[in-house]
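Reader: I've got this one open on my screen and I'd like a close look at a single part of it, the metal site. Could you walk me through that and then through what sits around it?

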Amino acid sequence: MSEEPRTASGGAVDVLSDAFYAAREDDLSRRLRHGRFEHALGVARTAENLARLYGADERKARLAGLLHDWDKSYDDEGIRARVEELGLVVDPYVFEEMPQLLHGPTAAAALAREFPGLPRDVVQAIERHTAGAVGMTDLDMIVYIADALEPGRDYEGLGEIRSLVGRVSLEELYLATFGHVFLNLVQRRKRIHPQTIEIWNHYIARSRDAADDRRKKKGTA
Ligand SMILES: [Fe+2]
Ligand SMILES: [Fe+2]
């Protein structure tokens, strides 16, 4: 186990330091199989780039991206045990039928417990990366998008979403990514997280309102 980086005063661990990042990368190389580990590195780099592009905290984005799949190697029973051990309150249907979708919430809780200095917003972005949420922060959206767009990903329609990076707002990019993931699950006859419709309706309404505002402004200009 590597020595945890301390602040100059010898106080709490500096969780946004390069040393903390390197130590967690080291942990992850043992927690995840190789392909999944490479994915985590890709998400970290992509999240950092998105943060730079959209004016968010690059170090927080990089760290949340790196850690987002911290609990990805548990099987269904392992995730359920993890939920119980961490004392999480979760949707009973998801717990029974699709426990893998809880690897975000369990990772967030486990990491917050192990590293109490982790910023709350980093923990939340990790928690929300699987299902998304209503009221996503910029950091939440960046990690969600980076998870879908990192260079190791390859699926139909990916190029189209990648081409939107930097050309549309972060929220529009999130909506496009979320919609694509949703559609893809339906096409592959997969089950959908119960919150998905609520999130979709929330963001599509906001997107329409924003488009209406732009039209009105154009009309009066
Ligand atoms: Fe994940
Ligand atoms: Fe992931």
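Author: Here is a walk through the metal site, followed by the helices around it.

Bear in mind from the start that this is a predicted model. Let's begin with the iron ion (ligand 1). Which protein donors does this ion have? They are D69 through OD, H103 through NE2 and H129 through NE2, and they lie 2.1 to 2.2 Å from the metal. If you want to find the donor residues by scanning along the chain, the spacing to look for is D-x33-H-x25-H. D69 and H129 make a nice pair to click on: D69 is in the loop between α3 (58-67) and α4 (76-86), while H129 is in the loop between α7 (120-127) and α8 (138-149), so the two tie together parts that are 60 residues apart in sequence.

D69 has another job in the picture, since it bridges the iron ion (ligand 1) and the iron ion (ligand 2), with 3.5 Å between the two ions. Are these two loop residues buried or exposed? D69 comes out as buried, at a relative accessible area of 2%. H129 is buried too, with 3%. The cut-off for calling a residue buried is under 20%, so both of these qualify.

From H129 you can step over to D147, which belongs to helix α8. D147 counts as buried at 12% relative accessibility. Setting aside neighbours within four places in sequence, D147 touches H39, V43, H68, H129 and R153, so that list includes one of the iron donors, H129.

Stay on α8 for a moment, because D140 is also there. D140 is buried with a relative accessible area of 0%. Again leaving out neighbours within four places in sequence, the contacts of D140 are D121, Q124, A125, R128 and G135. Two of those names, Q124 and A125, come up again in α7, where the buried residues include them along with V122, V123 and I126. As for what those buried α7 residues pack against, the answer is α3, α6 (103-114) and α8.

That brings us to α6 and its partner α4. How do α4 and α6 sit relative to each other? Their axes come within 10 Å and cross at roughly 45 degrees, and the two helices are therefore oblique to each other. The crossing of α4 past α6 is left-handed. On the α4 side, the residues that meet α6 are I79, R82, V83, E85 and L86, and on the α6 side they are H103, T106, A109, A110 and R113. Sorted by class, this contact has five nonpolar, two polar and three charged residues. Notice H103 in there: besides meeting α4, H103 is a donor to the iron ion (ligand 1).

Now α4 on its own. Its buried residues are G78, I79, R80, R82, V83 and L86, and what covers them includes α1, α5 (92-97) and α6. E77 is also in α4, but E77 is exposed, with a relative accessible area of 52%. If you measure from E77 to F95 on your screen, you should get 9.9 Å from C-alpha to C-alpha, for a pair 18 residues apart in sequence. Just after α4, G87 takes a positive phi of about 70 degrees.

Since α1 helps to cover α4, have a look at how α1 packs with α2. Helix α1 (residues 18-31) and helix α2 (residues 34-54) have axes 9 Å apart and an angle of about 150 degrees between them. That makes α1 roughly antiparallel to α2, and the crossing is right-handed. From α1, the contact uses Y21, E25, L28 and S29, and from α2 it uses F37, A40, L41 and A44. By class, there are six nonpolar, one polar and one charged residues in the contact.

One last stop is R189, in the loop between α10 (170-187) and α11 (196-220). R189 has a positive phi of about 55 degrees although it is not a glycine. R189 counts as exposed, at 78% relative accessibility.

Definitions and conventions: Residues are numbered from 1 along each chain as its sequence is written. Chains are lettered from A and ligands numbered from 1 in the order in which they are written. This is a predicted model: local features need pLDDT of at least 70, side-chain atom pairs count only at pLDDT 80 or more; totals for chains, interfaces and linings use all residues. Side-chain values use heavy atoms; hydrogens and water are left out. Donors are N, O and S atoms within 2.8 Å of the metal (3.2 Å for Na, K and Ca); water is not among the atoms, so sites may look incomplete. Helices (H or I, at least four residues) and strands (E, at least two) are DSSP runs, numbered from the N terminus. Buried means under 20% relative accessible area, exposed over 50%, partly exposed in between (1.4 Å probe, protein chains only). Axes are lines fitted to C-alpha atoms, for helices over the stretch in contact, and angles run from 0 to 180 degrees between N-to-C directions. Angles under 35 degrees count as roughly parallel, over 145 as roughly antiparallel, 65 to 115 as roughly perpendicular and the rest as oblique. A crossing is left-handed if the near helix is turned anticlockwise from the far one by less than a right angle, and right-handed if clockwise. Contact means heavy atoms within 4.5 Å. Ala, Val, Leu, Ile, Met, Phe, Trp, Tyr, Cys and Pro count as nonpolar, Asp, Glu, Lys and Arg as charged, and the others, Gly among them, as polar.
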